[in-house]
Every structure is written in C-alpha cells, then in structure tokens.
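Me: I keep getting lost when I scroll through this model. Could you pick one part, go through it slowly, and then give me a few other spots to compare it with?

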Amino acid sequence: MMAFNRPSPNWFSIRSSFDTIVEQAANSRLSFDEANILKESHWKFGQDARLREDVRFRPTPWGRWILANAFLANDTFFIQLKRRPRSHLELNEALRELEQVVKRHCVFCPGDPRFVVENGTIRFSARELTNQPLIEKEITEIEKYTTHLPIHSLRAAAASLPAMEWGRNAQEHMIDTLGWVKVSLPGKKLNSRMFVAQIEGHSMDDGKSGLVDGGYAIFEFWPAGTKQFMNVLVRGAFSDPETGSYAVKKYVADQRDVEGRHQRITLVSLNLDKGRYPDIELDVENDEDITVVAKVVQALSPKDFARKPKPIRRPGRRDLSSNDAVENIFEDLALYAERFFELPTAKDEIGIDELKEGWSAQLVCLEAEAGGLQIEAGPFTGLWSFVKQLRIKSNNWETSILASNIRQRQIRIPIPASAGPWHWVAAGFEDDPDIDLTSLSVGALQSDRVHVFRLDAEDVGRIVANNVLSLGQSYRILLPDTVYDSLEHKPATTSVGDGWRIWELTLSTTLPLETQEILRKIGLDVGEIEPRLEWVLVPPILWRETAKGDTYPCFLSDMTPVISVNGLNIYFDGEASLFLYGPSETKALSLKSGSRPFVQLEDLAPGRYCLLFLHDRTRIPPLRLPFEVLTDVPYPPAASWRLTIGSDVLVSQSGSLLSLPLRDLSMLDLAEDCTALLEAPPGWPVRIFWKEISEDQLCAIQTDINSQVDFSKIISVSREKRNRRAIGDLIIDLAELGSAVIRHERRPKPETIRSNFAELIASRGATVQHLAGAYAELLPIWFEPICAVLGYDVESVSVDDLPSPPNHIGVFRLLHTERHGGKIERQPVRLLFLVEDLQQGLSETLLEWIDEISASERLRDILLSDGLRWTDHRRGSRLISPVWDIAKVMNDPEEFVSFLRVASEGI
Amino acid sequence: MRLTLLDENKVSDILLNSVGINPNDVAGVADLLREEVSARCCCPRYKAIARVSKFIAPIVTINAETISNVCELLERSGDLLLGFGGNLFPTPVRAITLGGGTFRLVSSLSTKRLTALLVGEWEIDGITRTCHLESERKDLFMEEIKAVGGVVLSLSTWAGFDRTPPADSQWLSSLERRLQLEAEPAGSLERDEQLVWNGCVAIDDNIRWKSDDTGKMAQLWHTRNRWGYWLYAWTQGGSPTFSPFITLRPDEGLRSYFAVARSLGVPLEATLEQQAERTIITLDSWLPVAEYRYLSISASLVQSKKKGKQWLIPNDRISRVLDVLQERLGLIIRKEADL
C-alpha cells in the first residue's frame, strides 16, 4: 500500500491583494458585489481571484459579500419593521443603533428581496406587504397632513359635524380617528380637510373608478361650491342597501329653483347592476334632508399608501405573542363566540331549502349503558308542520320519532350497529318527492373493521375518519365480534349485542405495550398528543343548550371557575396560551411549563364568554370552551302541579286531594273535544289509579324534561275502565305534592244501549241460541256483556248452600255500583236466573224455588233469561210479566225503553 | 376579568374555599351530586357519577362505587329523583315540619345554595339538612320557601299517611274485599315460570315465611321471579298456585306482612337503645314506603344491615315516632335493657 504525503489544508488563507478591498468594506454600510469589486482590481488583469479564497469575507444569503466579522443586519431590520409601527428605517441611523447593541460593524445587504433601499431608507418590498394600510398611532406634528392623513371609518366620517373654523387639528378633535396613514400622491398637496377611509360596498365599482369594496380612498371634508357629478360621501334620510343612512355616491342634482334650492337629487351608483345597487332618488324638501359630508379626492391603490407588513411566518408555529397576532386571535374568537351563541334565524326569513341545509344526522357512540351506537339528529328547524312522524328505516330495522320532538331539539336514537344504512322518511309522505329526506341518510358500518369515536367534552363519541388516535384523548372503539375474537390479548369491552362490542379507551401519554399491540392488531396508529380543556373543582350552576344543540356551562358572577389543561406537557414557559373573550374585554394568559396547568377565571362580569387554548405548534389543534356568566341564581323546579281537563283547571295544594266535577271520562278519547294536560316538576313520579271499590294502579309514569306528563299514556291505560265502567275515580297521585281526582260517571242513553245490543246480537246471537242452557260458556261471552250494558256486574251465588233447583238453572247476583256521598259502593240489587227456555213459561214449583232463593239473598227483584229472551219477576208475585226478545224489542224504541225500565240500572 | 395560573398546591383548597365542599366526606360528595344534577336538569345516573369523580380528580380520587352509594342515599331521601331509564332529575324544595321550629329540608339544591337562600340555624349530618328556627323567623322562612317555589309539608303528608292505610285488620279486610271482587285464577302467575311461593305464618311466637306444609294455609304469600323481583299475593288460604288470589304491589305486600303479624298475635319488634340525647331504634324488617319516609325524616340512618336498619332519633321525638310506628304497623317496642 502506498502512502501519500499530503500537505495539511490551510483553512485560514488570506490573500494579501484583497487588503484594500477589506479596508473599503470596513467603511461601507452595505454588502458588495463580488464582480464589481474584483473586476477593476483583479479580473481586469487576468487574475482568477475569488473572495471565497480569503477568510476575511463571507457571502450573504443573497449572493453578495460582507466582511466575515461584520454583523449582517437584514434579519434584525426585518423583525424591527414587522414589529414597529413605521413603514421605513433610516439605514445609517438604524445601523449605528444596532452597532451599539451588537458591538460589531453592522452591514445591510441590499440584495435581500424582502427590502427596498431608497434615499437612505429601507422599507419592505411589495412581497412582504399586505394590501392593508399601515396605521400609525403616533406621528410627528410635521408629518400630519404633509405626508400622513388620518384614517376614519366611513360611518364615523359620515356622522361627523362640520367644524366651524377649519384648524389644522380640527379633524382630530371632531372624529375618533383610527390612526394615521402615510400616503403618496405625486402632484397633489395634502390639506387638513383630507382623510382616508375604506370603501364599503360595491355600488361605486364600475371597473374604472377604483372605488371597490374594501379599497381605500382619500376624501375631503365639506367641499365648497357645486358638488354636481362629484363622487361624494353623503348622509341623509335614505336607506342604502349596503350601508344604510350614508353612502358614497355620485351626486347629481336638478336645476336650482328661484330660491336657489334643488328639488330633486339623485345619488347615482356607478355599478351598472342597478338591480342590486340602485340609484337613490331624493325629493329634497329642506337642506337638512341630505348632507354632503365629503368628496372623493382620489381612490387609492396599494402603492399609494404605506402598507402593513405581512405577519412573520414560522412554519408549523403560531404567533401567540405579537400584538397583531393576539388581535387576530381575539377577532377569530369573537366570531366563534358569536356563531356559537347565535339564535336561529326567524322562520319567515328563510325558505325550507335553506333550513334543510342545516339539518343533519350522524352516527355517535355513547356508553354501552346509554345504548351504544346512536343516530344524532336535529333540531330540524322548519320541518314541515304537516309531517307528524318521521321514520328511520334500514333493511331489517325501523323506528319512529315524533316530528314535534325533532323539530325543537336534538335527539339521539339507539340503532343496531349491523342494520345500516339508515334512511329517513316522513310517515305518510313516503312517495311525495317534495318531502325528500335522502340527505339525512347515514351510511352502514363495515362489519369487518373497527370504528373509532373520539369523546367530546360531553362524553359523546364522535366518529373519527382516519385510523390515527391522539395521545391524551379518550375514545370509544366499536369492535365487531369477528375482530374481537381474533385478538390474542382481549381488551375489556362491553357487548352491545348484534355482534358488536364497545372498548372505552383513554390514551395517556405513556401507553402500555399490550394496548399498543391491540391497537396495532386492529389497524390503529397512535399519533401526536392532543390536549383537553376541562372544567374542574367549581361546579357550573347550569348547563344550557344553544339553538344548534351544543351545551355550555353557566356560572354565577361570584364564582371563580377553574380550567384544567390535560393530556399535554408544556415544556417551555409561553409555549401555550389561554385567551378569554368576554362581553366587554379580552384577556390572555401565557402558560408556564408543567404537566397540568390549572387556571382560575376571576372577576367575571355577566355575559357570554369563550375561552381558547392555543399551543404555538400548529399541529396541536386549538381548543375552545364557551360559557356564560349569570347574575340570577336559577331556582330548582317548583313544587307544584297543574291539571287541565278541557276548561277545568286544578292547581296543586301540597298534600291535598283535589277533585274535578263529575264527568263522563270517555270524552278523553276525543282529543279534539277535550284537551288534557298535566304539568309537574321534571321527572316527577306520577301514579295513576282507578278507584271503584278498591284502588287499582293502572300505571306509574313520570313527567318529561319539559315538565309535562304524556297524557296519552293515561288515556290509553284508563281507556278500558273509562269506557266500560259507569262509575269510578281516575286518581292522579303526585306523592307529597298531592293528588287529583277526576270523578267519572256515565249514564248511558237508550240509543247507546240499543247500538251495544245490536253489536252483541250481530256478533254472538247465533252462538247464544246454539249454547242454550250452557250457562258457564254463555256467562262470559253473553250474559256478562249484556248485564254490563244494563248497568250490572255479575257475581256467582254459591250453589252449595242452595236448595236443589227443580230445573237446570243458574243463579247470579247482579251488583250495581253507585256513589253514596263521597264513597263508591257496589251493592247487589237483583238476582239473575238463567233458565233453558223462557218461552214455555215458569212453573209454580220454579217460582216458589226462585222466591225462596231471593228471600235468602234478601232481594226482591229478579231477572230471568234464557239468552235472547228476558223477563222479570218480583218475589212473591204471580202476575205474569211480559217476555222481551231483545233481538226484536230493539226495533221498537218505545218497547225497548219499557224493557230498560224493568231490566236496567242507572240508565 | 382575570386569568390566574394556580399553584398546584393551592388547587386542593379551591373546592373547600370557593364552593364550600369537602370532597372527603359524604356531605361533600352529596353536594357535588346535587350541583351536577341541578345544573344538568336531567342526566343519566352513571354519567353524573362519572362526572363528579372526574370533577374532583385533581385533588382526590373517589371511586365510582362510593359516589354511587351516596347517590342512592340522595335518591332514597328524596333529594334527587331517579326516573325511568336511569335518569336523575333535580327536585323542588320541600321543608318538612318536625315540630318545635325544626324543619328537615329535602331538595337537590346544594347545601351552600340552600343555606344562602333560607334563614335559620343549619345542622348538616351526612346527606340530611335540618334547619332550626326561632318562632319569630318562621314567617320569613315560609316566605323564602315560597319564593324558591318550595312547599312546607307536614311529616304525615311527606310520608303519605293520608293516602296509605295502616297495617291493621281493616287493611286485611280490604284485601278480602278485593279478593272477592277481583280474584285472579289460581296459577295464573305461573304461565312463564314455576314459582316457589312462601306463606306467611306464625311459628313459635314469630312471623315466618314458609314453603313447606306449615305454611300451606297462609293467606299472604311471596316469591321471587326469575328477574329477582318480589311478587306478593293474597289468597283465601293456600298458595296462589292452587287458590284464586289478588296480586299485591311490593309495598302492599310489606304492609300486609306487618298486618298479618299483628292479626296473628306475633307483631314485629323494634329494639331501642337509649343514649344520652338520642335513641337508636333497630328494625329487622323492611318498612313499607310511607313508614320508611316517615322514619327517614324523623331519624338519621346510622347503619344498614343485610336485613333491617338502625336509626338514630333525638329523644324529644322518640315517643312520637314510636307511637306512629306502633299505631300504623303494630310494632312491639323492646328496650335493649329488657332483652
């Protein structure tokens, strides 16, 4: 192997021929161009000299050269110009100031495309500037109206009053100006009546005038002489569609009358779209109807004024500290708060199509206990009023929702995970193409993979589109059984049926290996940390819901809520900040390093707030928490109830039993005739009883969240009693809040009984004839219903204690229920004897036996029947009573009434 | 408006100082639950428990079971309403007169808010809030109760004595009447499953539930169905499998149990242990709802055993409470010294 004897490199080489160049550069404030400086001294003589050969020089990033020991000032000036409210720097002065700080020779490189050097000053080049004016708050007196003009909002300028004598500072005293803007109008001299304002609206945009929406123009207050055909700022008794009672328009007036006054003035929009930007015609009765506040001197293009620099860009980073950045953050936060709390737009202003755009339905996942997978939908504001019910349908599953519920609020409907896709239809309007709810359809879940739901502040799992989980967040993972069974290490899951399971998972910053393995197996990755904002320690006084269904907490003004930032380590002071937007002020707090900051919010005035957490790394998403501060303590629900039945109203008196007057409660089924409403504290238990001889609990229900009882349930469970029983009390028991008694009494009319008989005979008449004598079979299907219509309950008489009957005969007590004072009593009033054939008449032996039985039962009145034929008998009497065939007697109203007079009770 | 970064060491004081809640005792946890349910107006029970646990997590870890137990106490005392579907609801303010200017307050309002709204000297013991008033402040108290939409109730109204008959012979007669009128056919409860009924009989001066021959002529019967719920029935004599019967609601069943014991001459017993200012009453059987509500307001629950409970009653109320229990349930009171 050969060894080479190489000279060691000399990294500190100096070229003596460059000494004069070094001297030159040491006295220069600017970087220099290599070609220019070497051309005359070296290259002209054929020397291949390069500055890089001498360590005393170094290149700037823009291809020019400076001395190696000099300080390149460009980046410092860049930051200075971004931060300071001036548009330029005096180069020499700025370099001198910098030298005092850095204690080195400072040089500026004019090759830097971010700057323009002009007349010994540097300013940003166009690429570093926005189109917005650079507003300076403080300028020197000499700059005012010489190089700078005040900038006003157009509204403020329009509302100004003329100063009696125009002094140099009149505007500053008259109008609350936004600041000063440096303007450059070659050939035009500025004066103290001039100002700059931003144009509002498109009405003057004709493509030539330069008066475009958001653009700027110079105005001059109180123009003297004629304003005819001038573009002017006017205010007056008119309403411009874009700006209201002031506008920038072209002034066109008619000829002056003999008194020298105009009768008609037209404020002309230059925009040719007169439909949207109409001219304003004014009949001027006196001079005060319209005021020409200012004339447009010139529309400004961005090159005519000093412009605001673009914010400093730091890729992947947020600016949380500069004034502009903080101002922008609060502007965004204000907008967010406004949108969060905004009320729904009035119905009559928006059409159904626009309202429908706001309707949505999506999958959410709640805890297994709360039903697991659900569809979250609503409120469907503006849902057609004629639609009473909506249905959600899938291939093998269907459910209904009351339209009135979803019209008002957001609802969640549990769904089987395997059933999708889910489609919405309006019940009864399935074929109506105008009632189209296809946009609400929710797609099916793939049954061969997991579905991830991230928990929001309300613990509602929202579906995550990608498969990357964030540390610090909580998730609900929906696993099909097939995937679960394939796992070697099984996570703790809860079955939600239908072949699916829910895995509740909180990803702490340190993730166990086993969990990592499971996540990898089910195809999920773990990404960056995401923080959470949580209210802790000071419980909110109330949670309210916005019109869009989002909930937010409310505190009292004397409370000091505490926020905790979780799931994120803050490594450096100021790395993250909290911004609080309030009703009258804003506040920012830079967070210190630590693992879990707690921040207390104090001295909160009543109103709506929005708290924002921002990290300076853009990949950590912003977190917002809206809340409200109340002045009044919300009271608990009132210990009262109110029952409305038709026009009768009962209002609670705790613990007492209140009664409504007697009525026929079968009317409750006729909803249009009788409104029934029960209001009590939300969730209050309500027991419904039917009382005759004993109390029978029909159901136990509770009031809903709106403090109302579903009265249809009461109507439904009591229907049979109300329609079948002649007398009874419907008792609504509200525990310690008292009870309401609705007294029921129905006295049927002969026509009603006739129609009941007709129904029974039509349906069972033939059977009765076939089963003659089979009393046990006939009793439930025939005699009990007939007796109920006649006003009786039927009770068996024990045959063991009776003397043997002469014929095949059945004996029953007929009980009638009546009110006696405040009580309901049921008493035996007749005996019913069932015989095989009434047509053959009653033998004396039989009559004697009947008398004996009735004497033992202490009843005098007896009814006898063989099925269709009925007659009566009075104990001891041998007078022959008529026999009524009820199939025939029904056709003769008078005869039917005679029958009822003998055979019925309480008609 | 101020944002203040809290020193982690001071965080633990916040709850106590700002909210007046000590999360380490039952009263504190109860107040957090009351606050949560009041603020939400309606929330699932399990969620309220989870939220309270999470809410105080920065300073103390309390497991869900402990919070759930406190929640159960609040539900039983009437401070919170547990509705169908497992939802908790807040409750109105109800002031129950205990006599002598003392009121027991039942409401979902937290103690801090309740005591700020109502005058009086407050005594907080676990989940119970008692207000003592001098006679001249009663009117003001009534007005304040009215202003918060509350009511003042007598103890018997609270208990529901006006709607619930005592467990006596009249109660048993009413069951007989119902049986005459509304008897269900024998065996009709056993359509879905075979039920093992136990009859309520007196054996050796004690009331017992028996399934063998000794209980075969009993009138009151009970059993558990496959879901674990108690079913009660009343018959003419004999198991509901073979005799017509009426079904009793669990509360009616318990009431009938006391009434049967009374009628068979073996009334149930309560044991008294006299202390300086209070008396401990031990009841070995579950009480019907009305009597439970009465006792839960008149006394404080000190111990809950598998069967039966111990209650602490101030001595100035003991005779009245015992009278009510004797009159309504026929209880025999035995002093511990006599045993």
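What follows is a close look at helix α4 of chain A, with a handful of other places after it.

Reply: Sure. One thing up front: this is a predicted model, so read everything below as a description of a prediction.

Some background on chain A before zooming in. The chain has 17 helices and 54 strands. Of its 907 residues, 46% are buried. Take the contacts in chain A with a separation of 6 or more: 63% of them link residues 24 or more positions apart. On the outside, chain A exposes about 45600 Å², and 49% of that comes from carbon and sulfur atoms.

Now the helix itself. α4 runs over residues 91-102 of chain A, so to speak a 12-residue piece, and the distance from its first C-alpha to its last is 16 Å, close to the 16 Å expected at 1.5 Å a residue. Which residues of α4(A) are buried? They are Leu91(A), Ala94(A), Leu95(A), Leu98(A) and Glu99(A). Seen around the axis, these cover an arc of only 140°, which means they sit on the same side of α4(A). The general rule behind that kind of pattern is that an α-helix has 3.6 residues a turn, so residues three or four places apart point the same way. Don't skip over Glu99(A) when you colour by chemistry: it is on the buried list along with the leucines and the alanine.

What does that buried set pack against? In chain A, the partners are one helix, α3 (74-83), plus the strands β3 (71-72), β4 (88-90), β5 (106-107), β6 (115-118) and β7 (121-124). At the far end, α4(A) is followed by Lys103(A), and the phi of Lys103(A) is positive, near 60°.

The partner helix α3(A) is worth a look too. Its buried residues are Asn74(A), Phe77(A), Phe78(A), Leu81(A) and Lys82(A). Looking down the axis of α3(A), they fall within an arc of 135°, so they line one face of the helix. Again the list mixes side chains: two phenylalanines and a leucine, but Asn74(A) and Lys82(A) as well.

Let's hop to chain B for some strands. Five of them, in the order β7-β8-β6-β5-β9, make an open sheet with mixed pairing. At its edges are β7 (121-125) and β9 (151-153) of chain B, each of which pairs on one side only. Ignoring direction, neighbouring strands in this sheet are turned by 30° against each other on average. If you follow β7(B) inwards, you meet β8 (residues 128-132) of chain B, which pairs with β7(B) in the antiparallel sense over 5 bridges. A handy landmark there is Trp122(B), which stands opposite Cys131(B) in β8(B).

Further along chain B is strand β16 (residues 278-283), where 5 of the 6 residues are buried. On one hand, β15 (residues 269-274) of chain B runs antiparallel to β16(B), joined by 5 bridges, and the two form a hairpin with 3 residues between them. In that pairing, Leu272(B) has Ile281(B) as its bridge partner. On the other hand, β16(B) pairs with β18 (residues 309-314) of chain B, also antiparallel, over 6 bridges. Here Ile280(B) is matched with Leu312(B).

Last, three residues to click on that aren't buried.

Glu327(B) belongs to helix α11 (residues 315-329) of chain B. It counts as exposed because its relative accessibility is 55%, and the cut-off for exposed is over 50%. Leaving out residues up to four places away in sequence, Glu327(B) touches Pro166(B) and Arg262(B). Pro166(B) is 161 residues away from Glu327(B) in sequence, yet their C-alpha atoms are 7.5 Å apart.

Gln408(A) is part of helix α9 (residues 403-408) of chain A. With a relative accessible area of 60%, Gln408(A) is exposed. From Gln408(A) to Phe380(A) it is 28 residues in sequence and 7.1 Å in space, C-alpha to C-alpha.

Arg449(A) lies in the loop between β24 (423-426) and β25 (451-455) of chain A. At 39% relative accessibility, Arg449(A) is partly exposed. Beyond residues up to four places away in sequence, Arg449(A) touches Leu478(A), Pro480(A), Val483(A) and Trp500(A). The C-alpha atoms of Arg449(A) and Tyr484(A), 35 residues apart along the chain, are separated by 9.8 Å.

Note on methods: Residues numbered from 1 in each chain as written. Chains lettered and ligands numbered in written order. Predicted model: local features only at pLDDT ≥ 70, side-chain atom pairs only at ≥ 80, totals over all residues. Heavy atoms only, no water. Helix = DSSP H or I, 4+ residues; strand = E, 2+ residues; numbered from the N terminus. Buried < 20%, exposed > 50% of the residue type's maximum accessible area, 1.4 Å probe, protein only. Contact = heavy atoms within 4.5 Å. Areas by Shrake-Rupley, 256 points an atom, 1.4 Å probe, with all protein chains shown as cover. Expected span 1.5 Å × (residues − 1). Arc of directions from axis to C-beta. Pairing = 2+ DSSP bridges. Axes fitted to C-alpha atoms, helices over the stretch in contact; angles between N-to-C directions.
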